[in-house]
Amino acid sequence: MKDVGVRRHGRDGRPLVLLDRVDWTVGASEHWVVLGPNGAGKSTLLQLAGGALQPTTGTVHVLGARIGGTDLRDLRERIGRVDAATARAFKPGFDGLAVVLTGAFGSIALQRKRLEPRHVARAHELLALVGASALADRRYDDCSQGERQRLLLARALMGGEDEPGGEDGVGGPQLLLLDEPATGLDLPSRERMLHALVASARRSHELPTVTVTHHVEEIPEITTHALLLRDGRVLAAGPVDRVLASAPVGACFGIGVEVTRTAGRWAARAVLDDRAVGA
């Protein structure tokens, strides 16, 4: 992204700035986290990266294609996504395997006539990778939130070129985007989800990932880079150990924060004085 801005008309007729002068580059094998408070523009940033939104100003190139100058349908088939909109979109009655197989062609519908044995084999492999083999025959509607998130991750990893590409004969996505994948999960479900993310990253070394969150505890240990977003502007971006420090994270959230890292995982604690607590 180069000098990217996204603006909308507010209800009062004045322009609403969602993103402003954003410069950002994600390279192969990099695992980014985008961190910021509610309303910072994180989901808008991810929509741009996924080809679901065009910028008002500036330029966005994704996987070599310029947004606004390419067939977005083809581009989206090369991108894996985990987000709330996808989670709500499946037809009632789909089982876990069917949900994962919809990702083969980047569609919510199950395109049975295009499926081959290699697609089914890959789906079972990915279910095992994310620890969800037991969910293959379970109705998606009957799965817990944590189980659904792992199914969505397996589905996202199904996407990509519909040509023989790897050892399993099926290509995978070239970019993985995760919009608050741990939202609504209890502690065990969150940890299983993060474990699945780490396992998928270690399996696909070249696959770049972007995870959006506003909780540092939800950042997977394989994260290499971080971007801090506030009021639509980038406050800091770069190697994770430099960006996820107390001062920049505190500035991002507008509060004193102590950020620590133990065994590869982050934690944050607010540092408040008596006046702040009373307010």
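**Close-up 1. Met1, in the segment before strand 1.** Met1 lies just there, in a model that is predicted, where local features need pLDDT of at least 70, side-chain atom pairs count only at pLDDT 80 or more, and totals for chains, interfaces and linings use all residues. Residues are numbered from 1 along each chain as its sequence is written, and side-chain values use heavy atoms, with hydrogens and water left out. Strands (E, at least two residues) and helices (H or I, at least four) are DSSP runs, numbered from the N terminus. With a relative accessible area of 15%, Met1 is buried (buried is under 20%, exposed is over 50%, partly exposed is in between, using a 1.4 Å probe and protein chains only). Who does Met1 touch, not counting residues up to four places away in sequence? Its contacts (heavy atoms within 4.5 Å) are Val22, Asp23, Trp24, Leu45, Leu48, Ala49, Thr59 and Val60. Met1 and Val60 are 59 residues apart along the chain, yet their C-alpha atoms are separated by 4.5 Å.

**Close-up 2. An open sheet of three strands.** The strand order here is 2-1-4, and the pairing is antiparallel. Two strands count as a pair if DSSP finds at least two bridges between them. Strand 2 (15-22) and strand 4 (57-59) are the edge strands, each with a single partner, so one side of each has no neighbour in the sheet. Ignoring direction, neighbouring strands are turned by 25 degrees against each other on average. Helix 1 (residues 42-49) packs on this sheet, where it touches strand 1 and strand 2, and its direction makes about 65 degrees with that of strand 2. For such angles, axes are lines fitted to C-alpha atoms (for helices, over the stretch in contact), and values run from 0 to 180 degrees between N-to-C directions.

**Close-up 3. Who stands opposite whom around strand 1.** Strand 1 (residues 2-9) runs antiparallel to strand 2, and five bridges join the two. Look for Val6 opposite Leu19, and for His9 opposite Pro15. These two strands form a hairpin with five residues between them, and Gly13 in the turn has a positive phi of about 90 degrees. Strand 1 also pairs with strand 4, again antiparallel, over two bridges. In that pairing, Lys2 stands opposite Thr59.

**Close-up 4. Helix 6 passing helix 7.** The axes of helix 6 (residues 145-158) and helix 7 (residues 187-203) come within 9 Å and cross at roughly 15 degrees. That makes the two helices roughly parallel (under 35 degrees; over 145 is roughly antiparallel, 65 to 115 roughly perpendicular, and the rest oblique). Helix 6 brings Gly146, Gln149, Arg150, Leu153 and Leu157 to the contact, while helix 7 brings Ser189, Arg192, Met193, Ala196, Leu197 and Ser200.

**Close-up 5. Gln149 in helix 6.** Is Gln149 buried or exposed? At 6% relative accessibility, Gln149 counts as buried. Leaving aside neighbours within four places in sequence, Gln149 is in contact with Val82, Glu180, Pro181, Ala182, Leu185 and Met193.

**Close-up 6. Pro220, in the loop between strand 9 (209-213) and strand 10 (225-230).** Pro220 is buried too, with a relative accessible area of 4%. Apart from neighbours within four places in sequence, its contacts are Leu194, Leu197, Val198 and Trp266. The C-alpha atoms of Pro220 and Cys252, 32 residues apart along the chain, are separated by 20 Å.

How values were computed:
Left-handed = near helix turned anticlockwise from the far one by under 90°.
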